[in-house]
Amino acid sequence: QVQLVESGGDLAQPGGSLRLSCAASGIIVSDYVLGWYRQVPGKQRELVASVSRGGHPDVVDSVKGRFTISRDNAKKTIYLEMINLKPEDTAVYYCNAWKSYRGAREDYWGQGTQVTVSS
């Protein structure tokens, strides 16, 4: 059984920082592209950052310079370091693991962790 379990979500003040973690089990993590998405009520889930199987990170422009994604394949864990948080970063954050399998995309999601940025 595949599980992705996020942790680290919390209430933070503007300008503050948080570190999200996502522990994976049931998959060979090194086979997957890993990512963090976020979603606010009434809006579509959006990609925030991803890291390739080779460890190459990429983040969207709105968090560039503030968020850093990393992976530890040995620990089967994905991280999202967030600094200089803004109120607009408030969302439920989900980790994702995907790979192409027989021409289709094989996706796994965590249950989400709430990040609230407010004074």
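This report describes the fold, the surface and the salt bridges of one protein model. The model is predicted.

**Overall architecture**

The protein contains 11 strands and zero helices. Read along the sequence, its pattern is therefore β-β-β-β-β-β-β-β-β-β-β, where strands are runs assigned by DSSP. The C-alpha trace spans about 45 × 30 × 25 Å along its principal axes. For 119 residues, a compact globule would have a radius of gyration near 14 Å, and the protein agrees with this expectation because its own value is 14 Å.

Contacts show how the chain is brought together. Among contacts between residues at least 6 apart in sequence, 54% join residues at least 24 apart.

**Interior and surface**

Of the 119 residues in the protein, 38% are buried. The protein exposes about 6,600 Å², and carbon and sulfur atoms supply 47% of this area. The protein carries 14 positive and 12 negative charges. The mean positions of these two sets of charges lie 4 Å apart.

**Salt bridges**

How many salt bridges does the structure hold? There are six salt bridges in the structure. The table lists some of them, with the distance between nitrogen and oxygen.

| Positive residue | Negative residue | N to O distance |
|---|---|---|
| Arg38 | Asp89 | 3.0 Å |
| Lys64 | Asp61 | 3.2 Å |
| Arg105 | Asp107 | 2.7 Å |

The salt bridge between Arg38 and Asp89 has its closest N and O atoms 3.0 Å apart. This pair links distant parts of the chain, as its two residues are 51 residues apart. Arg38 belongs to strand E4, which covers residues 33-39. Asp89 lies in the loop between strand E8 (77-82) and strand E9 (91-101).

Are Arg38 and Asp89 buried or exposed? Both Arg38 and Asp89 are buried. The two residues also belong to a wider arrangement: Arg38, Glu46, Arg66 and Asp89 are linked in a network of salt bridges.

The other two pairs in the table include residues with accessible surface. Asp61, which meets Lys64 in a salt bridge, counts as exposed because its relative accessible area is 63%, and exposed means over 50%. In the pair formed by Arg105 and Asp107, Arg105 is partly exposed, with a relative accessible area of 43%. Asp107 is partly exposed as well, with a relative accessible area of 30%. Both values lie between the limits of 20% and 50%, so neither Arg105 nor Asp107 is classed as buried or as exposed.

**Backbone angles in two loops**

Two residues deserve attention for their backbone angle phi. Lys76 has a phi near 55°, which is a positive value in a residue other than glycine. Where is Lys76 found? Lys76 is in the loop between strand E7 (67-72) and E8. With a relative accessible area of 32%, Lys76 is partly exposed.

Asn84 also has a positive phi, near 50°, and is likewise a residue other than glycine. Asn84 is placed in the loop between E8 and E9, the loop that also holds Asp89. The relative accessible area of Asn84 is 42%, so this residue is partly exposed.

Note on methods:
Residues numbered from 1 in each chain as written. Predicted model: local features only at pLDDT ≥ 70, side-chain atom pairs only at ≥ 80, totals over all residues. Heavy atoms only, no water. Helix = DSSP H or I, 4+ residues; strand = E, 2+ residues; numbered from the N terminus. Rg over C-alpha atoms; globule rule 2.2 N^0.38 Å. Buried < 20%, exposed > 50% of the residue type's maximum accessible area, 1.4 Å probe, protein only. Contact = heavy atoms within 4.5 Å. Areas by Shrake-Rupley, 256 points an atom, 1.4 Å probe, with all protein chains shown as cover. Lys, Arg positive; Asp, Glu negative; His and termini not counted. Charge placed at Lys NZ, Arg CZ, Asp CG, Glu CD. Salt bridge = Lys/Arg side-chain N within 4 Å of Asp/Glu carboxyl O.
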